[in-house]
Amino acid sequence: MPEIQIVAEPRTEFGKGAARRARRGQKVPAVIYGHGTDPRHVTLPEHELMLALKSANVLLELDLGSSKELTLPKSVQRDPIRGTIEHVDLVVVKRGEKVVVEVVLRVTGQPIDGGVIDIVENTITIEAEATSIPSEIVVDLDKSVPGTQVHAGDLVLPAGTTLQIEADILVAHVLSPQVEVEVEVEAEVIDGVELGVEAPADETS
């Protein structure tokens with residue numbers, strides 16, 4: 001997992017108005033917390049942060065002027081329409097310590113016999129060293145047959161990484177090909193007009 005250095009500036013103004021002013025200046029409000037320290041409020045450069053967050057579980061080394069902190073994004077708030085970053089929560093991590101994170105599950109390959117891949121879980125929860133978080137976990141279903149199932153316990157994890165969900169959870173499987181069945185409606189033609197056939201009504205005496 002890459003480490004990206006970003007300059008963090010102390011933030012002394014709070015509230016919606018202050019946040020809007022920061023965003024107008026192309027800065028994103030953020031909070032740093034963890035390891036028993038008091039929350040620290042900072043702003044981060046919007047463009048650099050946006051590029052960094054394109055990588056899941058990216059490590060941000062914040063330059064705070066007098067010190068540096070290695071952090072992991074835990075919560076990112078985005079504008080629902082524009083998609084711009086509005087706020088970020090960052091947790092302090094230490095080199096060598098382990099953290100619990102969600103990692104993307106990527107399924108590759110082409111099944112045989114018309115099988116269709118169904119991905120049940122898009123992410124997997126694992127524990128890994130903060131500086132060795134895998135960018136993704138790959139499942140190869142190439143040449144698999146319909147009925148093939150992959151459970152969490154079947155995943156091949158990098159060394160030093162442990163699964164944090166139940167091993168019997170289904171994460172992906174191969175379905176049988178769907179057969180399209182056409183339903184034909186019986187009809188009769190009277191004087192060139194096609195009419196649907198109706199069941200005869202009950203006769204009453």
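What percentage of the 205 residues of the chain count as buried? The share is 31%, counted over the 205 residues of the chain, where buried denotes under 20% relative accessible area, exposed over 50%, and partly exposed the range in between (1.4 Å probe, protein chains only).

## Basis of the model

This is a predicted model, in which local features need pLDDT of at least 70 and side-chain atom pairs count only at pLDDT 80 or more, while totals for chains, interfaces and linings use all residues. Residues are numbered from 1 along each chain as its sequence is written, and side-chain values use heavy atoms, with hydrogens and water left out.

The pLDDT, the predictor's confidence in each residue on a scale from 0 to 100, averages 85 over the chain, and 86% of the residues score at least 70. Over residues 179-183 the pLDDT is below 50, and this stretch has 0 contacts in the model beyond near neighbours in sequence; a contact means heavy atoms within 4.5 Å. Where pLDDT is low, the predicted coordinates should not be read in detail.

## Overall architecture

The secondary structure comprises 2 helices and 16 strands. These elements are DSSP runs numbered from the N terminus, with helices (H or I) of at least four residues and strands (E) of at least two. Of the contacts in the chain with a separation of 6 or more, 61% are between residues 24 or more positions apart.

The chain exposes about 13100 Å², and carbon and sulfur atoms supply 49% of that area. Accessible areas come from the Shrake-Rupley method with a 1.4 Å probe; for residues, only the protein chains shown count as cover.

## The four-stranded open sheet

An open sheet is formed by 4 strands in the order E11-E8-E10-E13, with mixed pairing. E11 and strand E13 (162-163) stand at the edges; each has a single partner strand, so one side of each is left without a neighbour in the sheet. Two strands pair if DSSP finds at least two bridges between them.

Strand E10 (residues 123-129) pairs with E13 in the antiparallel sense over 2 bridges. Isoleucine 126 has leucine 163, in E13, as its bridge partner.

## Nonpolar cores

A nonpolar core is a set of buried Ala, Val, Leu, Ile, Met, Phe, Trp, Tyr and Cys residues joined through side-chain atoms within 4.5 Å. The largest one holds 24 residues, of which Leu72 and Leu155 touch the most other members. At least two residues of this core come from each of strand E6 (68-78), E8, E10, E11 and strand E14 (170-175), and E8 gives the largest share, 5 residues.

With residues up to four places away in sequence left out, leucine 72 touches ten residues' worth of surroundings that include Asn57, Val58, Leu59, Leu90, Val101 and Ile133. Apart from the largest core lies another, of 17 residues, among them Val28, Leu44, Leu49 and Ile85. In soluble globular proteins, nonpolar side chains tend to be buried together.

## Salt bridges

The whole structure contains 8 salt bridges, each defined as a side-chain nitrogen of Lys or Arg within 4 Å of a carboxyl oxygen of Asp or Glu. One of them joins lysine 27 to glutamate 9 at 3.4 Å, N to O. Lysine 27 belongs to strand E3 (residues 27-34) and glutamate 9 to strand E2 (residues 9-10), 18 residues apart. Lysine 27 is partly exposed because its relative accessibility is 25%, and glutamate 9 is partly exposed at 37%.

Arginine 106 and glutamate 136 meet at 3.0 Å, N to O, linking strand E8 to strand E11 across 30 residues. Arginine 106 is partly exposed at 37% relative accessibility, as is glutamate 136 at 29%. Salt bridges that share partners join Glu3, Glu61 and Arg95 into one network. Within this network, glutamate 61 and arginine 95 meet at 3.7 Å, N to O. Glutamate 61 counts as buried at 15% relative accessibility, whereas arginine 95 counts as exposed at 52%.

## Positive phi angles

Most residues other than glycine have a negative phi, and most peptide bonds are trans. Asparagine 57 has a positive phi, near 55 degrees, and lies in the loop between helix H2 (46-52) and strand E5 (59-63). Asparagine 57 counts as buried because its relative accessibility is 17%.

Lysine 143 also has a positive phi, of about 65 degrees, in the loop between strand E11 (136-140) and strand E12 (149-151). With 59% relative accessibility, lysine 143 counts as exposed.
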